[in-house]
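Colleague: I should like to go through the internal space and the charge pairing of this structure. Please reason through each reply before giving the value or name.

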Amino acid sequence: MNPRLTLASSVVGAVIVALDGTVLTVAQPSLQRDLGASFAEVQWTSTGYLIAVASLLVFAGRLGDLPRSPKRGGTPIGHHRLFGIGMLGFGAASAGIAFAPGVGWVIGLRVVQGVFGALLQPATLGMLRTAFPPDRLRTPIALRTAAIGVSAAVGPLLGGALVAGPGWRVVFLLNVVPALVLGSLALTVRPPRTASPARLDVPGALLLALTLACLVHALVALPGWVWTASTAAVTGAAFVRHERRTASPLLPPSVIGSTAVGSALGMLVAASAALSGALFAGTFLLQDTLGLDPFRSALVSLPLAALMVAAAPTCAVLLRRVGARRTTAVAMTLLALGILVLSRTPAIWLLCTAFALVGAGFGTVMVAATHVVVREAPVESAGVAGGLQQTAMNVGPVLGVAVATALLGTGDGPGLPLGVLAALALAGAALGRALPGLREAAMNDHGDSKDRTRVPAQR
């Protein structure tokens, strides 16, 4: 698959997943009424998906990196094939949800959708890492991020129109055709042969999956699920111990041993937690405190999506001119400032400005930190890097909403959670000190470009 088609597949795959999540939120009330479901059952249409996808992202990324038959140095499964399988399964599950006879089927198929979503999401970044040299990754990642921003803006409007018209079932048919077409096309790609001796760390994968599943469930179900948090701590400790002793760890030292990668992942968790928590608390601020109706609230928050889309290509330029360290520090500060302004003003024009700052800050951080994670990882670990990035982007929002929910329960209004989330964004800005500056990035790109000549390209 040529680089342009790879980029198009990566963008469409990311958009399908993002659009699915945003339109589901709009469709849930109608789904509840039509299927006679309880509130808890409707919540599980989201929770089941989150647990499945978050627990399998790293495993799926590693699966795309490894050869199919390591003893003989055989043909690897490859990121394109995993992307194809993920897209086909995701589209088929979506079609099944559209014709589901009851909410139990919807929940089960959403879990299936999460499994296939975990296959395709790391592959969207792994394919980019293998198709583009390090010094040309900025623009593809920026385009991918801008497309996700467009989905965030269009999703609620499109979902609302479909739910009000043909009904909620049509919402799940949106991505079926593009998923089947691109999935079938991706399966025709022949991955390169490799002599890598690495094996798939199945015990490590199981321990990590259980840890992440319990962690996500504990955050979603706060404050009543202490036992899942305890289980996550125990299995997490067992995973760390196992990884230190095994010969072929699930998380290669070349990836997790990188200070830059660890810091970038931390920034993604902090930024996505601050954004999602602020949006959750901001909804109560706009509608309950200020008395705006849902439509006016959506209009006030529209600058967030617009600036997120605009920030993506701008960030590609900033990365080239000033480097990731300065870019992320300023962006996280903008994100924190926007959340802080949101908590302090009733004026509509200032609220719009606050949402614009949040969108500009988050869009920039997402591009810059993702670029560091993907670029710093070796080509042979591109899938793991993509899995870690997607895990951070899934765990962060769950954490942010959990924090906002807990603080809103204190009865002090949205001001307290928004202030705490702004502080979280500022704390994330400190992690930017470990990211490469302009000079280090140039040296890494030059060295990686030489190394690419010895790595077979995807065909």
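Colleague: How do the residues lining the second largest cavity divide into nonpolar, polar and charged?

Modeller: This is a predicted model. The second largest cavity has a volume of about 30 Å³, and its lining consists of Ile 16, Leu 19, Asp 20, Val 23, Val 171, Leu 174 and Asn 175. Asp counts as charged, whereas Val, Leu and Ile count as nonpolar. The division is 5 nonpolar, 1 polar and 1 charged.

Colleague: Which helix gives the largest share of the lining of the second largest cavity?

Modeller: Ile 16, Leu 19, Asp 20 and Val 23 are among the lining residues. The largest share of that lining, 4 residues, belongs to helix α1 (residues 3-35).

Colleague: Which residue forms a salt bridge with Asp 20, and how far apart are the closest N and O atoms?

Modeller: Asp 20 is buried, with a relative accessible area of 4%, and its partner also counts as buried, at 3% relative accessibility. The closest N and O atoms lie 2.7 Å apart, and the partner of Asp 20 is Arg 110.

Colleague: How many residues apart in sequence are the parts that Arg 169 and Asp 34 tie together?

Modeller: Arg 169 and Asp 34 form a salt bridge, with 3.8 Å between the closest N and O atoms. Arg 169 is partly exposed at 27% relative accessible area, and Asp 34 is partly exposed at 47%. Because Arg 169 lies in helix α6 (residues 168-171) and Asp 34 in helix α1, the parts that the pair ties together are apart in sequence by 135 residues.

Key:
Residues numbered from 1 in each chain as written. Predicted model: local features only at pLDDT ≥ 70, side-chain atom pairs only at ≥ 80, totals over all residues. Heavy atoms only, no water. 1 Å grid on protein atoms, 1.4 Å probe; cavity = no way out; pocket = protein on both sides within 12 Å on 5 of 7 lines; lining within 4 Å. Points joined across faces, edges and corners; volume = space filled by probe spheres on them. Helix = DSSP H or I, 4+ residues; strand = E, 2+ residues; numbered from the N terminus. Salt bridge = Lys/Arg side-chain N within 4 Å of Asp/Glu carboxyl O. Buried < 20%, exposed > 50% of the residue type's maximum accessible area, 1.4 Å probe, protein only.
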